[in-house]
Amino acid sequence: IQYGTEWGPSVITGKGRTDKVNLERFETMRENDSVQGEPLQHIGQLPVSSYRLATDKAFDGETNRGAYSFCMCPGGQIVPASTDPNEACVNGMSFSRRDSQWANSALVVTIAPDDPVLDKYRAEHGVLAGIAFQRDMEQRAAMLGGGDFVVPVQRLTDFVDGRPSVSAPSSSYRLGVKPAACHEIYPQEIVNSLKDAVTNYFDKQMPGFFCDEGLLHAVETRTSSPVRITRDPTSLQANGVKNLFPAGEGAGFAGGIVSAAVDGMVVAESVLEEIVGMGAMGEKKRSKSIGFEY
């Protein structure tokens with residue numbers, strides 16, 4: 001979701017995975033959250049502000065789900081992440097100066113491996129149900145956007161009220177946006193949870209978050225891998241395949257940049273131990289077990 005000059009989400013699912021939406025917000029308004037008074041220009045050594053929002057009580061109509069902001073990018077922009085012209089997928093980023101007029105983050109709703117939301121995908125695709133769900137959401141978004149990597153957007157207030165947007169505030173997404181009914185893309189359980197999280201938790205944690213200028217961009221479905229390549233807990237090699245070391249996000253062993261980096265370091269040491277019998281610091285080979293659950 002993004003907030004821009006007028007003060008947006010995207011979706012995901014998977015391996016105990018998540019459903020996600022991308023949010024952008026006007027930078028000076030975020031700074032006004034941090035420093036009371038008039039909006040400030042970003043000067044001197046004062047860093048741009050950021051936020052983290054979360055709840056484990058986002059009600060979907062039957063049960064509570066986790067919902068949270070993810071990969072918040074201050075002074076950033078929303079960029080295309082699609083790998084197929086018939087699918088729409090976005091991501092968020094910041095350049096090193098973090099000086100754009102927007103800020104964005106993903107809004108994530110958790111989906112368990114045995115989640116009823118995945119039932120119809122599981123029946124046809126088995127363990128790849130999360131990937132099938134992911135692809136379906138991206139194709140739906142592309143249809144609403146009209147093709148050519150244009151992404152559908154919706155004001156946060158319209159999303160909560162269940163009505164299509166007919167206008168949109170400015171967006172940092174450079175390939176074009178189209179006001180649409182993004183709430184029609186996702187399963188109702190995900191929509192209900194996101195609505196509850198935004199209105200009853202996020203807006204209380206950061207007053208002003210729920211407003212007409214928040215612009216949802218659909219969809220961000222790739223926060224974390226929906227599958228996991230299993231590996232031996234001691235050698236960290238793939239089960240049944242010697243000298244193959246699954247690691248990081250794509251293999252299903254991380255849930256963000258930091259955890260992916262840490263997992264990569266540990267796996268790299270295991271590679272050294274396998275090749276030369278020594279750890280990265282020259283220690284003798286030792287057994288260990290590590291992994292991240294997301």
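Start by selecting V219, which sits in the loop between β10 (215-217) and α6. Step back one residue and look at the bond that joins A218 to V219: this peptide bond is cis, and its omega is near -5°. Most peptide bonds are trans, which makes this a good place to open the tour. Keep in mind as you go that you are looking at a predicted model.

**The whole chain**

Now zoom out and colour by secondary structure. The protein chain has 6 helices and 10 strands. Switch to a surface view, and you have about 13,800 Å² of accessible surface in front of you, with 55% of that area belonging to carbon and sulfur atoms. Of the 294 residues in the chain, 50% are buried.

**The largest pocket**

Next, select F70, C71, M72, G255 and G256. Among the 27 residues that line the largest pocket, these are the closest to its centre. The pocket itself holds about 610 Å³ of space.

Which elements give two or more residues to this lining? They are β4 (64-73), β6 (90-94) and α6 (257-276). Highlight β4 before the others, since β4 gives the most, with 6 residues. If you colour the lining by residue class, you will find 13 nonpolar, 8 polar and 6 charged residues.

**The second largest pocket**

Clear the selection and pick D60, E62, T63, N64, R65, D115, P116, Q188, E189 and N192. Together they line the second largest pocket, whose volume is about 170 Å³.

You will meet β4 again here: β4 and α5 (188-205) each supply at least two residues of this lining. This time α5 gives the most, with 3 residues. Keep the class colouring on, and the lining shows 1 nonpolar, 4 polar and 5 charged residues.

**A nonpolar patch on the surface**

Return to the surface view and select I257, V258 and V262. These residues make a nonpolar surface patch of about 310 Å². Click on V262 to see that it is found in helix α6, an element that also gives two or more residues to the lining of the largest pocket.

Is V262 buried or partly exposed? Its relative accessibility is 34%, so V262 counts as partly exposed.

**Two backbone stops**

The last two stops are about phi, so a Ramachandran plot beside the viewer will help. Most residues other than glycine have a negative phi. Here are two residues to look up on that plot.

- Select R98 in the loop between β6 and β7 (102-110). Its phi is near 50°, a positive value in a residue other than glycine. R98 has a relative accessibility of 42% and therefore counts as partly exposed.
- Then move to D148, in the loop between α3 (129-145) and β8 (151-155). D148 is not a glycine either, yet its phi is positive, at about 60°. What is its relative accessible area? The value is 69%, so D148 is exposed; the cut-off for that class is over 50%.

**Selections to save**

To come back later, you could store these sets:

- A218 and V219, for the cis peptide bond.
- F70, C71, M72, G255 and G256, for the centre of the largest pocket.
- Q188, E189 and N192, which are among the residues lining the second largest pocket.
- I257, V258 and V262, for the nonpolar surface patch.
- R98, for its positive phi.
- D148, for its positive phi.

Key: Residues are numbered from 1 along each chain as its sequence is written. This is a predicted model: local features need pLDDT of at least 70, side-chain atom pairs count only at pLDDT 80 or more; totals for chains, interfaces and linings use all residues. Side-chain values use heavy atoms; hydrogens and water are left out. On a 1 Å grid over the protein atoms alone, a cavity is a set of points where a 1.4 Å probe fits but cannot get out, and a pocket is an open set with protein on both sides within 12 Å along at least five of seven lines; lining residues have an atom within 4 Å of a point. Grid points are joined across faces, edges and corners, and a volume is the space filled by probe spheres set on the points. Helices (H or I, at least four residues) and strands (E, at least two) are DSSP runs, numbered from the N terminus. Ala, Val, Leu, Ile, Met, Phe, Trp, Tyr, Cys and Pro count as nonpolar, Asp, Glu, Lys and Arg as charged, and the others, Gly among them, as polar. Patches are made of residues with over 30% relative accessible area and no salt bridge: like charges are joined within 9 Å, nonpolar side chains (Val, Leu, Ile, Met, Phe, Trp, Tyr) within 5 Å. Accessible areas come from the Shrake-Rupley method with a 1.4 Å probe; for residues, only the protein chains shown count as cover. A salt bridge is a side-chain nitrogen of Lys or Arg within 4 Å of a carboxyl oxygen of Asp or Glu. Buried means under 20% relative accessible area, exposed over 50%, partly exposed in between (1.4 Å probe, protein chains only).
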